[in-house]
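Student: Please take one residue of this model and look at it closely, then work outward to the contacts between the chains. I would like the account in one piece.

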Amino acid sequence: MSDALFPVVAITMGIMMLAAGIVALYVRRLLSAIIIVAFVSLSASVLFLLMDATDVAVTEAAVGAVVSTMIFLWGRGKIGGDR
Amino acid sequence: MIRSIFGLILVLVLGAIMVAVVPDIEYSEEIHGVGLHYTSQGMQETGSANLVTAVIVAYRGLDTLGEVVVLFCASTSVVLILSLYPLSLKVSRPSFIVAQTSRLLPAPILLLGLYLIAHSHLSPGGGFPGGAVIASAFLLVMLGGTGVPGSSRNLAAVESLAGLSFGLLGFWGVMKLGQFLNNLVLGTGTPGSLVSAGLIPLISLVIGIKVASELSSVFAAFRYKGGH
Amino acid sequence: MLELYHWSIAGTALGLVLIGLWGVLTRRNIIRIALAFTLADTGVNLLLVWTGHIPDRTSPIHDSTTAALNATEAMVDPLPQALVLTSIVIGVAVAALFVVVAVLASRRTGSADIRRLRELRW
């Protein structure tokens with residue numbers, strides 16, 4: 001990917017993340033909200049990569065996206081009720 | 001309703017403050033302050049090609065020790081709470097896809113985690129993401145199985161041993177060079193080779209083992225004490 | 001165009017923080033409040049890394065191409081990245097504790113609605 005594409009990717013990603021954040025708060029199913037927040041975390045990882053923070057990108061993808069999603073999924077299963 | 005209005009006011013006030021403050025952060029063309037020293041001298045002083053790892057493990061190793069302690073406290077409380085108030089002890093059967101995937105994937109995931117830990121001073125990675133990746137391999141194994149393991153006492157032993165070695169590696173620096181967690185007790189070696197950068201690979205390994213065992217014990221508590 | 005790129009990331013970070021705060025203040029499901037918390041956390045991390053970012057530079061890892069150059073003029077600041085790495089791990093630990101306590105609290109009241117937790121009222 002050439003450097004000229006960076007602004008386009010960053011702006012598209014930013015708009016998608018903000019929209020996904022709002023959707024995650026208002027979507028009816030809790031499962032969808034959890035998966036959407038995981039998507040926001042992965043997009044943040046891409047933005048970290050664009051900002052030349054490779055270590056942070058790896059950590060966000062491994063810790064922020066996977067582990068916290070697992071924790072939320074467990075909590076959803078335990079609380080019951082998918083709203 | 002009144003709650004939404006209060007919330008909206010708070011959000012708008014915070015947003016106004018941020019929009020006023022953030023543009024004042026200098027759009028600088030160069031590095032300032034202590035980051036300048038880390039960038040210019042980091043590789044010579046620590047022998048680590050990856051400067052972020054150099055900052056985390058060598059220059060600010062004590063902070064990382066504190067971070068590991070925080071993570072330890074959090075995982076201990078999770079396991080403790082779930083041991084005191086177990087939710088259920090039934091374990092559900094995995095579906096066909098999960099059962100098959102949990103046989104195929106853990107080995108490559110484990111390899112990736114070990115790579116991230118071993119090359120922490122050369123490429124992006126380090127103890128924390130590597131440990132998390134290894135813990136997710138264990139999670140996959142747990143999700144694919146149905147049996148309830150006897151206890152996670154071995155996990156706790158591994159975790160304590162890793163924490164102890166972190167402290168002992170720190171005191172090695174006190175013994176030899178009069179400074180806690182001094183990185184140079186082993187010599188820097190050639191930057192860019194696998195065996196280099198003094199204590200950094202060893203401390204990364206210790207952090208990786210500790211994070212992996214902590215997260216694994218959290219997942220095990222979730223699955224076997226939290227049911228689901 | 002480069003300016004726009006630079007500020008768009010800051011805008012994303014600020015927006016995520018505000019969305020997260022809004023969610024914490026107005027949502028009623030405990031798990032969803034924890035999710036909003038995570039969103040705000042991600043926004044703060046983005047903003048911190050953004051303060052150390054300088055366009056057109058490489059990541060702070062020495063290799064065969066950067067060794068020849070003067071490192072301080074070729075790389076971004078490694079310090080904010082190291083701080084954010086710590087922050088991400090602590091954030092997950094906090095989220096785990098949050099969810100476990102929330103699950104136990106909701107067991108007592110019988111629903112995930114935070115309004116049922118009367119002990120939190122003042």
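Tutor: B:Leu215 is located in helix α9 of chain B. The model is a predicted one. The residue counts as buried because 28 C-beta neighbours fall inside 10 Å, where 20 or more are needed. Apart from neighbours within four places in sequence, B:Leu215 is in contact with B:Gly131, B:Ala132 and B:Ala135, and also with A:Val67 of another chain. As for B:Leu111, a separation of 104 residues in sequence from B:Leu215 goes with a C-alpha to C-alpha distance of 17 Å.

The contact with A:Val67 leads to the interface between chains A and B. There, 12 residues of chain A are in contact with 16 residues of chain B. On the chain B side, at least two residues each are supplied by α7 (127-144) and α9 (200-224). The largest share of that side, six residues, belongs to α7(B). Sorted by class, the side of chain B that touches chain A contains 11 nonpolar and five polar residues, and no charged ones.

Chain B also meets chain C through a pair of helices. Helix α3 (residues 51-59) of chain B and helix α4 (residues 78-109) of chain C have axes that come within 9 Å and cross at roughly 60°. That angle is why α3(B) is described as oblique to α4(C). The crossing of the two is right-handed. From α3(B), the contact draws on B:Leu51, B:Val52, B:Val55 and B:Ile56, and from α4(C) on C:Pro78, C:Leu79, C:Gln81, C:Ala82 and C:Leu85. Eight residues of this contact are nonpolar and one is polar, with no charged residue.

Chains A and C supply another helix pair. Helix α3 (residues 54-79) of chain A packs with helix α2 (residues 30-51) of chain C at an angle of about 170°, the axes being 11 Å apart. The angle is over 145 degrees, so α3(A) is roughly antiparallel to α2(C). On α3(A) the contact is made by A:Val56, A:Gly64, A:Ser68, A:Phe72, A:Gly75, A:Arg76 and A:Ile79. On α2(C) the contact residues are C:Ile31, C:Ala34, C:Leu35, C:Thr38, C:Thr42 and C:Val49. By class, the contact of α3(A) with α2(C) comprises seven nonpolar, five polar and one charged residues.

Note on methods:
Residues numbered from 1 in each chain as written. Chains lettered and ligands numbered in written order. Predicted model: local features only at pLDDT ≥ 70, side-chain atom pairs only at ≥ 80, totals over all residues. Axes fitted to C-alpha atoms, helices over the stretch in contact; angles between N-to-C directions. Helix = DSSP H or I, 4+ residues; strand = E, 2+ residues; numbered from the N terminus. Parallel < 35°, antiparallel > 145°, perpendicular 65-115°, else oblique. Contact = placed C-beta atoms within 7 Å. Nonpolar A, V, L, I, M, F, W, Y, C, P; charged D, E, K, R; others polar. Left-handed = near helix turned anticlockwise from the far one by under 90°. Buried ≥ 20, exposed ≤ 12 C-beta atoms within 10 Å, placed from the backbone.
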